[in-house]
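Subject: Structure handover and notes

Dear colleague,

I am passing on the structure below, and after it you will find my notes on what came out of the analysis. Please read them with the coordinates open.

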Amino acid sequence: MTQTNASRLFEIEEKVIAGERLTFEDGLYLFESNDLASLGRLANIVRRRRHANITYYNINRHLNPTNICYWDCGFCAFYRKPNQEGAYLFTVEQCVEMVGQAKAAGATEVHIVGGLHPTLPFDYYLELLSTLKKEYPDIHLKAFTMVELDHFKRITHKTDEYVLEKLKEAGLDSCPGGGAEIFDEQVRKQICKHKTSAKRWLEMSRKVHQFGFKSNATMLYGHIESYSHRVDHLIRLRELQDETGGFQCFIPLAFHPKDTEYAHLPGPSAIDSLKTVAVSRLMLDNFDHIKAYWVMLGKQVAQVALHFGANDMDGTVMEERITYAAGKVSEREATRNEIIQLIREAGFEAIERDTLYRPVMEVTQ
Ligand code: SF4
């Protein structure tokens, strides 16, 4: 490292220690740095300041009611067109049965996201939530990305407020963070040109927060975007968080190219993933939690990511279909003991949380 690089990193380190906000240029410098150990060390300062030695996990189940979608995002291996081989739509009864199995396994949360079905009415989603809430009142329903909420507005021809009010009445508890992809409009035109725009994604998040729901935020990285697109994405999230405080957690999503339009790309390396977790922790100074989403990182990289700024391992997941669709490169679930073991092996204390990050069960050594 040249003296100039050393002094630039030292300058950033002083800001991190002082709790000062990092700039776009700082973020870009960190992404372009090859000093992975220093990135990890800096992110770990923030991670330990906020969460000491604790790493959270939860017992959850993913529920993807349908993979039928009228859009065609180039990075997505999950969607199918109606009548295409592999297309499916679960009935509400099937969903209730699946959640019942998860409840029996100790789940406290169901994470519900799916394709944008061309003909399924809004009432299906309302019935799904209200039936699940009636059957399992103590299960947290974290459902529907900003993209799905935008879809509901279009199919109902009503306002966002109407959609949110109806979902709230039906039992919605909070929203997941998917669909953000990369906010840069030019990249978005290439990878998901029909999808809800970045502006609309942020606007819907603002409304969700104003409505009193918490939500999460994601960033899909490792495809055609540049480092500056990633920093721009993080800063747009940070600005909205300044305004609403409604984001609970940021989840960097490693792109899985297999069986997508970008199958020729290699996808992000472990080094890139660790860098992204670290820079996210450093840039998002107003986000409490950074997740090492093991489904996309792989369990081993997720474990290392706990030393690069992440303080949450997500959960048992149970039957994840979206990443699994990308060439079955991911595992679909983990046991509670396996997650605890991964956290402990990395040198952290494992705390089971609910969706709102309240401890459910403290696990001692
Ligand atoms: S990412 Fe979502 S909106 Fe895009 S094609 Fe896949 S399921 Fe449809």
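I begin with helix H9, because its surroundings lead on to several other elements: what covers the buried residues of H9 includes helix H6 (146-156), helix H7 (160-170), strand E5 (215-221) and helix H10 (227-244). Please keep in mind throughout that this is a predicted model.

Helix H9

The buried residues of this helix are Trp201, Met204, Ser205 and Val208. They cover an arc of only 105° around the axis, and therefore sit on the same side of H9. That arrangement can be set beside a general property: an α-helix has 3.6 residues a turn, so residues three or four places apart point the same way. As for its length, H9 has 13 residues (198-210), which at 1.5 Å a residue should span 18 Å, and the C-alpha atoms at its ends are indeed 18 Å apart. Just after H9, Gly212 adopts a positive phi of about 100°.

Helix H5 and its surroundings

The 14 residues of H5 should span 20 Å at 1.5 Å a residue, and this agrees with the 20 Å between its end C-alpha atoms. Its buried residues are Tyr125, Leu128, Leu129 and Leu132. Seen down the axis of H5, these residues fall within an arc of 90°, so they line one face of the helix. Asp123 and Lys134, on the other side of H5, are exposed. The buried residues of H5 pack against helix H4 (92-104), strand E3, strand E4 (140-143), H6 and H7. For Leu129 in particular, once its neighbours within four places in sequence are left aside, the contacts are Leu141, Ala143, Leu167, Ala170, Gly171 and Leu172.

Leu120 lies in the loop between strand E3 (109-112) and helix H5 (122-135). Leu120 counts as partly exposed, with 17 other C-beta atoms within 10 Å. Its C-alpha atom is 9.5 Å from that of Leu89, although the two residues are 31 residues apart in sequence.

Helix H6 and two residues with positive phi

The buried residues of H6 are Met146, Val147, Glu148, Leu149, Asp150, His151 and Phe152, and they pack against H5, H7 and H9. After H6 comes His157, a residue other than glycine whose phi is nonetheless positive, near 55°. His157 belongs to the loop between H6 and H7, and it is exposed, with 7 other C-beta atoms within 10 Å.

Glu181 also has a positive phi, of about 50°, although it is not a glycine. Glu181 is placed in the loop between H7 and helix H8 (185-191). Is Glu181 buried or exposed? With 27 other C-beta atoms within 10 Å, Glu181 is buried.

The nonpolar core

The largest nonpolar core has 101 residues, and those with the most contacts inside it are Val110, Leu129, Phe250, Leu282, Ala292, Leu297 and Ala305. In soluble globular proteins, nonpolar side chains tend to be buried together. Ala305 is found in helix H13 (residues 299-305) and counts as buried, with 30 C-beta neighbours inside 10 Å. Not counting residues up to four places away in sequence, Ala305 touches Leu274, Val277, Ala292, Leu297 and Ala310. Of these partners, Leu274 is 31 residues from Ala305 along the chain, and their C-alpha atoms are separated by 5.8 Å.

Gly100, found in helix H4, counts as partly exposed, with 15 C-beta neighbours inside 10 Å. Gly100 and Val231 are 131 residues apart in sequence, and their C-alpha atoms are 41 Å apart in space.

The ligand

Which residues surround the ligand? They are Cys69, Trp71, Asp72, Cys73, Cys76, Phe78, Tyr79, Gly115, Leu116, Val147, Cys192 and Lys195. By class, this shell has nine nonpolar, one polar and two charged residues. Val147 belongs to the shell and is also one of the buried residues of H6, so you may wish to look at the ligand and that helix together.

With best regards

Conventions:
Residues numbered from 1 in each chain as written. Predicted model: local features only at pLDDT ≥ 70, side-chain atom pairs only at ≥ 80, totals over all residues. Near = placed C-beta within 6 Å. Nonpolar A, V, L, I, M, F, W, Y, C, P; charged D, E, K, R; others polar. Helix = DSSP H or I, 4+ residues; strand = E, 2+ residues; numbered from the N terminus. Expected span 1.5 Å × (residues − 1). Buried ≥ 20, exposed ≤ 12 C-beta atoms within 10 Å, placed from the backbone. Arc of directions from axis to C-beta. Contact = placed C-beta atoms within 7 Å. Core = buried A, V, L, I, M, F, W, Y, C linked by C-beta atoms within 7 Å.
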